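Dear colleague,

I am handing over the structure we spoke about, and my notes on what I found follow below it. Please read them with the structure open beside you.

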Amino acid sequence: MKNHSYDVIVIGAGHNGMTTAAYMAKAGLDVCVLEKSGGLGGGCVTRELCGPGFKSDPASTCHITIQANPLLLHDELGLISRYGLKYHHPEILYSVIFPDDSSFICYRDIDRTCASIAERFSARDADAYKRFCGWAAAGLEMMLPTMFSACPPTGQLFSMLDQSDAGRETMHALLLSGMQLLDEWFEDDRLKIAMARQASEVIFDPHEVGSGMHLYMLTPFIHRFGIGVPEGGSGALVDKLEACLRAHGATLRTRSGVRRILVQDGRTTGVELESGETITARRAVVSAVNVKQLFLQMLEPGHLPAELPHRVRRLKSNPFQSFCQIMALDEAPRYKAGEEVNRSGMVEFAPATRREFRRYFDDLQRGQIRPDVPAMVTQTLFDPTRAPPGKHTGYLHCYAPYHIEQGAERWDDIEKEVANEVLGHLERHTTNMNASTILHRKIINPREIERRNAAFIEGEATHLGNYLFQSMAMRPLPEWSHYRTPVGGLYMTGSSTHPGGSISAGSGRAAAQILCQDLGIDFDRLVA
Ligand SMILES: Cc1cc2nc3c(=O)[nH]c(=O)nc-3n(C[C@H](O)[C@H](O)[C@H](O)COP(=O)(O)OP(=O)(O)OC[C@H]3O[C@@H](n4cnc5c(N)ncnc54)[C@H](O)[C@@H]3O)c2cc1C
């Protein structure tokens, strides 16, 4: 049986694991990344799933949070300058279409957005939107430093916020539901629905207490940093991380799933693969998979505090997951809602009344499928390199519970029927989407999401639910929120840790900082 030895082993080649690995490799350590599936990237991949030349994203497609990460802002690993990572930023961030084809248009520019609100909704709400963005921007400014490094413990964070008026306003916003927050500022229900609909793409129900934090942070964030469309596809980020890792001599292995963390005298010594092969870690093992895999499958309970498995088991999932159709298109969609919608980064559909909006989320929570509220991204409008000349790629998705009322095991049987209903909705609200313009499509239901990535347990794209009580220094657990674990030399990163799911590389960078601290490496010098 083979036996290899490295300074640092990273389990899971999602973009967070790859990010931690890249910082450690840059620090001169001998790093090995072990990936279970046949390719690198986890939820950050691009594949030709709809025919040659059509580069499709089967999971993430818009890169938002990472736009503020010093990894990119200061190009700490040279991903932009040395390895060629490039983002396009749509001028129209998103549009929301209501059943009667009226719409909300959100521009990157706040004043243009306000002018559009005044024209379509109300002058009072236009003024309120401008003030809301300024108010929330003050909170965002305070929270940004906590997003890509370890978050201060909850008590410390709140006592810090309690020192200023802007901080106290931030506490107020974090603890409300999204809809309560919007009710405090706006009068027109359709505007509130549009804003909540877009923010809910982070995967949360805006009626849930604590969901105010997503609206509060995301609204000023997207105006300031934009929505990033990576050139070449979502996987371009991971391709550049791979290039960086290889340049620093790291080892990357696919089809190398980890079965067990090896522990001796309270400290990890390495890992055992599903094949039975063992690999030794001289200094650290970093888990970038779901914490439920780490603590409930890879470690024996005897190596953990008695209460830990129970606390991990009770971590909550999101109330719904995703159902996607990846498409090759002969032409870009033309929406009945108008020309500006055609040029939007994201196009989202929404019910027009509060009652319907609430019912939509209640239905999802009850396990019902709602194909009538999808979202569409046509990446080639901003990045033509993703398709043959003149053609387009489409990404049509809607929220869908993994545990549908028919039973999760029925997903494969009903996916086509659901996909047709979602597509029917798009066809009704466009003038040109039909069998002749949709050249090919690939359906990815929540069970397929899980099959493609073992860390997406039950189709959970953010590993754990995005609730306030599982966020910041409470993610995954208040006592283990700083990327360390009860086992010496064993660390965590990935969506199970702060700042959570989505393409942020936040936990990837933060875990690297903690590793540097523990291994006596000066992180600031490393990235200077
Ligand atoms: C349909 C869909 C759409 C999405 N859209 C967006 C979007 O537009 N924007 C956005 O920001 N986010 C989006 N997301 C969420 C985003 O993709 C994820 O939150 C993110 O990719 C998670 O990254 P990660 O590095 O934390 O973990 P992951 O990407 O989950 O990486 C974990 C890795 O570990 C590997 N692994 C699992 N088990 C083992 C094992 N035993 N041994 C070794 N390796 C193992 C997995 O194969 C995987 O490669 C979407 C997700 C889905 C599913």
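Two rings of Phe, Tyr or Trp, with the six-membered ring taken for Trp, are treated as a pair if their centres lie within 6.5 Å. On that basis, ring pairs link Tyr 129, Phe 132, Trp 135, Trp 185, Phe 186 and Tyr 216 into a cluster. Please keep in mind throughout that this is a predicted model.

The structure holds 17 aromatic pairs, and one of them joins Tyr 360 to Phe 361 with the ring centres 4.9 Å apart and an angle of 65° between the planes. That pair is edge-to-face, because planes over 60 degrees apart are counted in that way. Both partners are buried: Tyr 360 has a relative accessible area of 0%, and Phe 361 has one of 1%.

The ligand comes next. Around the ligand there are 38 residues, of which Glu 35, Cys 62, Ala 461, Ser 495 and Ile 503 come nearest. Sorted by class, this shell is made up of 18 nonpolar residues, 18 polar residues and two charged ones. Among the polar approaches, an oxygen atom of the ligand lies 3.0 Å from a polar backbone atom of Thr 61, while a nitrogen atom of the ligand lies 3.0 Å from an N or O atom in the side chain of Gln 293. A ligand oxygen atom is also found 2.8 Å from a polar backbone atom of Ser 502. Taken alone, the ligand would expose 1,000 Å², and the protein buries 94% of that. As for where the shell comes from, helix 1 (15–26), helix 11 (291–298) and strand 11 (321–329) are the elements that give two or more residues to it.

Which residues does Thr 497 contact, once its neighbours within four places in sequence are left aside? They are Arg 475, Pro 476, Tyr 483, Met 492 and Ser 507. Thr 497 itself sits in the loop between strand 16 (490–492) and helix 17 (506–519), and it counts as buried because its relative accessible area of 1% falls under the 20% cut-off.

Two of those contacts, Arg 475 and Pro 476, are themselves joined by a cis peptide bond, with omega at about -5°. Pro 476 is placed in the loop between helix 16 (446–452) and strand 16. A cis peptide bond also runs from His 498 to Pro 499, where omega is near 5°, and Pro 499 is found in the loop between strand 16 and helix 17.

The backbone deserves a further look at two residues with positive phi. His 463, in the loop between helix 16 and strand 16, has a phi of about 65° although it is not a glycine, and this residue is buried, with a relative accessible area of 8%. Asp 101, also a residue other than glycine, has a phi near 70°, and its place is the loop between strand 4 (92–97) and strand 5 (103–107).

Finally, there are two alanines to point out. Ala 13 is found in the loop between strand 1 (3–11) and helix 1, where at 0% relative accessibility it counts as buried. Not counting residues up to four places away in sequence, Ala 13 touches Met 18, Val 33, Leu 34, Glu 35, Leu 40, Gly 41 and Gly 42, and Glu 35 is one of the residues that come nearest to the ligand. The C-alpha atoms of Ala 13 and Ser 159, which are 146 residues apart along the chain, are separated by 37 Å.

Ala 25, by contrast, lies within helix 1, and it too is buried, at a relative accessible area of 4%. Is there a sequence-distant residue to set beside it, and what is the C-alpha to C-alpha distance between Ala 25 and Gly 249? The two are 7.3 Å apart in space, although 224 residues apart in sequence. With residues up to four places away in sequence again left out, Ala 25 touches Val 31, Leu 245, His 248 and Ala 250.

With best wishes

Terms used:
Residues are numbered from 1 along each chain as its sequence is written. This is a predicted model: local features need pLDDT of at least 70, side-chain atom pairs count only at pLDDT 80 or more; totals for chains, interfaces and linings use all residues. Side-chain values use heavy atoms; hydrogens and water are left out. Helices (H or I, at least four residues) and strands (E, at least two) are DSSP runs, numbered from the N terminus. Buried means under 20% relative accessible area, exposed over 50%, partly exposed in between (1.4 Å probe, protein chains only). Contact means heavy atoms within 4.5 Å. A residue is near a molecule or strand if one of its heavy atoms lies within 4 Å of it. A polar contact is a pair of N or O atoms within 3.5 Å; within protein, one must be able to donate a hydrogen and the other to accept it, and residues adjacent in sequence count only if both atoms are side-chain atoms. Accessible areas come from the Shrake-Rupley method with a 1.4 Å probe; for residues, only the protein chains shown count as cover. Ala, Val, Leu, Ile, Met, Phe, Trp, Tyr, Cys and Pro count as nonpolar, Asp, Glu, Lys and Arg as charged, and the others, Gly among them, as polar. Rings of Phe, Tyr and Trp (its six-membered ring) pair if their centres lie within 6.5 Å; planes under 30 degrees apart count as stacked, over 60 as edge-to-face and the rest as tilted.
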